[in-house]
Amino acid sequence: MESNETGVGQEGPVRLLLAAALAVVAIGSFRRQKRVLAVLSGAGAVALGYAATAGSAESQAGPEARSIEPTSRSREMRCGICGEPIVSGQGRRPHAEYGTVHDACLE
Ligand SMILES: [Zn+2]
């Protein structure tokens, strides 16, 4: 039950954060007279804010459909070489080109 709740609410907050970040950029750009950037990022903030609101409404309507996938899937780390999830206990290391990878995949 607990994992379902976090899974459903995951996308909305991220989009809201992005929207907030874009809004900050928009305000900062406007103050520095960069009007084009201000307009673009402002529009992005509005679009993301709308998507976040629409997304959460949608997930409230159909939580069953969205809870099929394991909650941890979007949060878990994935190997940049084989694409498999890296679970705790597996050897892993940062790689300059692939991000985080399995120890085994480097050999
Ligand atoms: Zn791997």
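Let's start with Val 24, which sits in helix H2 of what is, I should say straight away, a predicted model. Val 24 counts as exposed, because its relative accessibility of 59% is over the 50% cut-off. Across from it in space we can look at Ser 41: the C-alpha atoms of Val 24 and Ser 41 are 8.8 Å apart, with the two positions 17 residues apart along the chain.

One step along is Val 25, also found in helix H2, which covers residues 11–31. At 36% relative accessibility, Val 25 is partly exposed. Its C-alpha atom lies 8.0 Å from that of Gly 42, again at a sequence separation of 17 residues.

Now over to Ser 41 itself, which belongs to helix H3, residues 35–61. Is Ser 41 buried or exposed? With a relative accessible area of 5%, Ser 41 is buried. And which residues does Ser 41 touch, once we leave aside those up to four places away in sequence? They are Leu 22, Val 25 and Ala 26. Leu 22, Val 25 and Ala 26 put us back in the stretch of helix H2, residues 11–31.

Let me zoom out for a moment. The chain has five helices and four strands, and reading along the sequence you get α-α-α-α-β-β-β-β-α. There are 107 residues, of which 18% count as buried. If you take the contacts between residues at least 6 apart in sequence, 32% of them join residues at least 24 apart.

Next, please turn to the strands. S3, residues 92–95, pairs with S4 in the antiparallel sense, over four bridges. A hairpin of three residues joins S3 to S4, and His 95 stands opposite Gly 99 in S4.

That brings me to the zinc site. What coordinates the zinc ion? The donors are the SG atoms of Cys 79, Cys 82 and Cys 105, plus ND1 of His 102, at 2.0 to 2.3 Å. Along the chain, these donors follow the spacing C-x2-C-x19-H-x2-C. Cys 82 is in the loop between strand S1 (77–78) and strand S2 (85–86), while Cys 105 is in helix H5 (residues 103–106), so this pair ties together parts that are 23 residues apart in sequence.

And the geometry? The four donor atoms subtend angles of 103 to 116 degrees around the zinc ion, which makes the arrangement tetrahedral. For reference, the ideal angle for four tetrahedral donors is 109.5 degrees.

With several cysteines around, you may also wonder how many disulfides there are. The count comes to zero.

How open are the zinc ligands? Cys 82 is partly exposed at 38% relative accessibility, and Cys 105 is partly exposed too, at 25%. His 102, on the other hand, counts as buried, at 7% relative accessibility.

I'd like to finish on His 102, which is placed in strand S4, residues 99–102. While ND1 of His 102 is one of the zinc donors, the side chain of His 102 also makes a polar contact with the side chain of Gln 90, at 3.5 Å. Leaving out residues up to four places away in sequence, His 102 touches Cys 79, Cys 82, Glu 84, Pro 85, Ile 86, Gln 90, Gly 91 and Arg 92. Among those neighbours, Cys 79 and Cys 82 are zinc ligands as well.

So, two places to look at while the model is on screen: Ser 41 in helix H3 with its contacts to Leu 22, Val 25 and Ala 26, and the zinc ion with its four donors in a tetrahedral arrangement. Thanks, everyone, and I'm happy to rotate the model for anyone who wants another view.

Note on methods. Residues numbered from 1 in each chain as written. Predicted model: local features only at pLDDT ≥ 70, side-chain atom pairs only at ≥ 80, totals over all residues. Heavy atoms only, no water. Donors = N, O, S within 2.8 Å, 3.2 Å for Na, K, Ca; no water. Tetrahedral: all angles 85-135°; square planar, octahedral: opposite > 155°, others 65-115°. Buried < 20%, exposed > 50% of the residue type's maximum accessible area, 1.4 Å probe, protein only. Polar contact = N/O pair within 3.5 Å; in protein donor to acceptor, adjacent residues only side chain to side chain. Contact = heavy atoms within 4.5 Å. Pairing = 2+ DSSP bridges. Disulfide = S-S within 2.5 Å.
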